[in-house]
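Work through the exercises below with the coordinates open beside you, and try each task before reading its solution.

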Amino acid sequence: LHFFNYSWLSKSKRLRILKIACPNIHDSADIAAPLHIERGTHIEIGRNSFINYGCNILNGAQITIGEGTQIGPGVRICTTYHHSNPLLRSKDKQAF
């Protein structure tokens with residue numbers, strides 16, 4: 001994502017680079033840099049969606065941003081999880 005965020009390439013070339021890290025982004029999505037995504041394989045961004053600058057997505061679980069969705073600047077989307085019980089939390093290897 002560093003190259004997407006700080007490159008001076010055209011928007012279409014930066015989106016192609018972003019799709020290498022996050023393959024489930026529709027070609028018509030409009031995403032403003034900087035964008036921070038924890039796991040590129042856990043996110044899907046639908047057709048004609050817009051994500052404004054400074055979006056931070058912590059996606060330990062799957063996130064689907066539907067068709068035509070518009071997300072404002074500086075938005076944080078968090079799906080990380082863990083058990084509230086400390087004993088269960090320490091034993092769960094998949095918890096974030």
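**Exercise 1.** How far apart are the mean positions of the positive and negative charges of the protein chain?

*Solution.* The model is a predicted one, and the protein chain carries 11 positive and 6 negative charges. Taking the mean position of each set, one finds that the two points are 7 Å apart. For scale, the C-alpha trace spans about 50 × 25 × 20 Å along its principal axes.

**Exercise 2.** Describe the order of the secondary structure elements in the protein chain and how its residues are covered.

*Solution.* Start with the count, which gives three helices and eight strands. Reading from the N terminus, the order is α-α-β-β-β-β-β-β-β-β-α. Turning to cover, buried residues make up 27% of the 96 residues, while the accessible surface comes to about 6100 Å², with 54% of that surface belonging to carbon and sulfur atoms. Among contacts with a separation of 6 or more, 8% join residues 24 or more positions apart.

**Exercise 3.** Which residues touch the most other members of the largest nonpolar core, and which elements give two or more residues to this core?

*Solution.* The largest nonpolar core holds 17 residues, and within it I31 and L35 touch the most other members. Two or more residues of this core come from each of α2 (11-21), β2 (35-37), β3 (43-45), β5 (55-58) and β6 (63-65). As a next step, look at L35 itself: once its neighbours within four places in sequence are set aside, L35 is in contact with L1, F4, N5, L18, I51, C55 and I57. As background, nonpolar side chains tend to be buried together in soluble globular proteins.

**Exercise 4.** How many disulfides does a search of the whole structure find, and where does C22 stand with respect to the nearest cysteine sulfur?

*Solution.* The search finds zero disulfides. C22 is in no disulfide, and the nearest cysteine sulfur, that of C55, is 11 Å away. For C55, the closest cysteine sulfur is the one in C78, at 9.6 Å, which is too far for a bond, given that the cut-off for a disulfide is 2.5 Å. Both cysteines are nevertheless covered: C22 is buried with a relative accessible area of 2%, and C55 is buried at 0%. In sequence, C22 belongs to the loop between α2 and β1, and, apart from its neighbours within four places, C22 is in contact with I37, G40 and I43. The C-alpha atoms of C22 and H42 are 8.2 Å apart, although the two residues are 20 positions apart in sequence.

**Exercise 5.** Is S28 buried, partly exposed or exposed, and which residues beyond its sequence neighbours is S28 in contact with?

*Solution.* S28 lies in the loop between α2 and β1 (30-31). Its relative accessibility is 29%, so S28 counts as partly exposed. Leaving aside the neighbours within four places in sequence, S28 is in contact with R47, N48 and S49. One of these partners, N48, is found in the loop between β3 and β4 (50-51).

**Exercise 6.** What is the phi of N48, and what is the omega of the peptide bond from A33 to P34?

*Solution.* Begin from the usual case, in which most residues other than glycine have a negative phi and most peptide bonds are trans. N48 is not a glycine, yet its phi is positive, at about 60°. The peptide bond from A33 to P34 is cis, with omega near 5°, and P34 sits in the loop between β1 and β2.

Methods. Residues numbered from 1 in each chain as written. Predicted model: local features only at pLDDT ≥ 70, side-chain atom pairs only at ≥ 80, totals over all residues. Heavy atoms only, no water. Helix = DSSP H or I, 4+ residues; strand = E, 2+ residues; numbered from the N terminus. Buried < 20%, exposed > 50% of the residue type's maximum accessible area, 1.4 Å probe, protein only. Contact = heavy atoms within 4.5 Å. Areas by Shrake-Rupley, 256 points an atom, 1.4 Å probe, with all protein chains shown as cover. Lys, Arg positive; Asp, Glu negative; His and termini not counted. Charge placed at Lys NZ, Arg CZ, Asp CG, Glu CD. Core = buried A, V, L, I, M, F, W, Y, C linked by side-chain atoms within 4.5 Å.
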